Amino acid sequence: MAIREEPFMSEETTLRVVQADITRLEVDAIVNAANRSLLGGGGVDGAIHRAAGPELLAECRTLGGCPTGEARLTGGYRLPARHVIHTVGPVWQGGEGDEDDRLASCYRSSLALAREHSDRTVAFPAISTGVYGFPPERAAVIAVATVRDELDRHPRAFDEILFCCFDERCREIYQRLLHG
Ligand code: AR6
């Protein structure tokens with residue numbers, strides 16, 4: 001799949017939108033939109049487990065799951081990425097169930113783990129916007145605002161944050177949010 005790149009320079013860190021299969025990205029860490037079992041599933045989770053190989057599932061089994069809004073880090077195994085940061089997004093329930101805060105927490109928790117492990121380039125999928133049904137535009141606003149806020153708090157922690165979109169619509173949304 002062709003990768004389209006839309007760089008946006010913040011003061012210290014580049015924010016970039018790419019339309020790509022996240023399993024192909026040569027970054028320090030990719031984020032996985034997992035479920036609370038951390039034992040694999042469909043969507044981006046399934047693609048990451050297929051590309052990383054069975055060693056990833058073996059490591060995930062040792063973690064004992066992950067609550068919604070938190071994150072856990074594993075190796076990347078056969079992926080180009082050194083680490084996979086597994087985070088569990090909220091299932092969309094109409095917006096009345098704290099979904100916005102839980103989604104923001106996924107981005108914050110993932111970046112906190114990346115910092116701890118010196119991962120300076122990190123790629124996020126559009127967490128919760130597939131099987132979990134979160135409206136894509138609303139999710140992207142939260143993703144961009146939360147990442148920008150974290151970069152303000154930790155201005156030298158990262159070289160590049162990528163928002164990895166699987167489809168054109170997602171890419172357009174992020175492009176608009178980043179470029180105004
Ligand atoms: N690369 C980048 N993005 C992708 C890829 C890929 N290879 N494949 C899908 N997407 P989803 P969720 C996009 O459903 O909504 C799993 O079964 C997809 O187009 O993967 O958080 C887990 O185990 C969408 O924009 O994650 C959980 O049970 C985005 O990734 C559940 O799904 C997220 O879609 C999590 O649901």
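Me: Which residue follows α3 with a positive phi, and near what value is that phi?
Reply: In this predicted model, the helix α3 covers residues 99–116. The residue that follows α3 with a positive phi is S118, and its phi is near 55°.

Me: What do the end C-alpha atoms of helix α3 say about its expected span, and how far apart are they?
Reply: With 18 residues at 1.5 Å a residue, α3 should span 26 Å, and the computed separation agrees with this. The end C-alpha atoms of α3 are therefore in keeping with the expected span, lying apart by 26 Å.

Me: Where else is phi positive in a residue other than glycine, in the loop between β4 and β5?
Reply: Most residues other than glycine have a negative phi, so a positive value deserves a remark. In the loop between β4 and β5, there is a residue with phi near 50°, namely Y77. Its relative accessible area is 39%, which means that the residue counts as partly exposed, and this residue is Y77.

Me: Is D98, with its positive phi, buried, exposed or partly exposed?
Reply: D98 is found in the loop between β5 and α3, and its phi is near 70°. Because its relative accessibility is 45%, between the 20% and 50% limits, D98 counts as partly exposed.

Me: How are helices α1 and α2 oriented to each other?
Reply: Two packed helices are described by the angle between their axes and the distance between the axes. The axes of α1 (residues 43–52) and α2 (residues 54–61) come within 5 Å and cross at roughly 115°. Since angles of 65 to 115 degrees count in this class, α1 and α2 are therefore roughly perpendicular.

Me: Which residues of α1 meet α2?
Reply: On the α2 side, the residues of the contact are E55, L56, L57 and C60. By class, the contact of α1 with α2 has 5 nonpolar, 1 polar and 1 charged residues. On the α1 side, the residues that meet α2 are I48, H49 and A52.

Me: Is H49 in helix α1 buried or exposed?
Reply: Leaving aside neighbours within four places in sequence, H49 is in contact with N32, L38, G40, L56, L57 and C60. Its relative accessibility is 13%, which is under the 20% limit. H49 therefore counts as buried.

Me: Which residues touch the most other members of the largest nonpolar core?
Reply: In soluble globular proteins, nonpolar side chains tend to be buried together. The largest nonpolar core here has 34 residues, and the elements that give two or more residues to this core include β2, α3, α4 and α5. One of the best-connected members, Y174, touches V17, Y107, A126, A140, A143, V144, F163 and C165, not counting residues up to four places away in sequence. The members that touch the most others are Y107, F124, V147, I161 and Y174.

Me: What covers the buried residues of α4?
Reply: The buried residues of α4 include A139, A140, I142, A143 and V144. The elements that cover the buried residues of α4 include β2, α3, β6, β7 and α5.

Me: What separates the C-alpha atoms of P67 and E96?
Reply: P67 lies in the loop between α2 and β4, where it is in contact with R36, R72 and V88, leaving aside neighbours within four places in sequence. P67 and E96 are 29 residues apart along the chain, and their C-alpha atoms are separated by 19 Å.

Conventions:
Residues numbered from 1 in each chain as written. Predicted model: local features only at pLDDT ≥ 70, side-chain atom pairs only at ≥ 80, totals over all residues. Heavy atoms only, no water. Helix = DSSP H or I, 4+ residues; strand = E, 2+ residues; numbered from the N terminus. Expected span 1.5 Å × (residues − 1). Axes fitted to C-alpha atoms, helices over the stretch in contact; angles between N-to-C directions. Parallel < 35°, antiparallel > 145°, perpendicular 65-115°, else oblique. Contact = heavy atoms within 4.5 Å. Nonpolar A, V, L, I, M, F, W, Y, C, P; charged D, E, K, R; others polar. Core = buried A, V, L, I, M, F, W, Y, C linked by side-chain atoms within 4.5 Å. Buried < 20%, exposed > 50% of the residue type's maximum accessible area, 1.4 Å probe, protein only.
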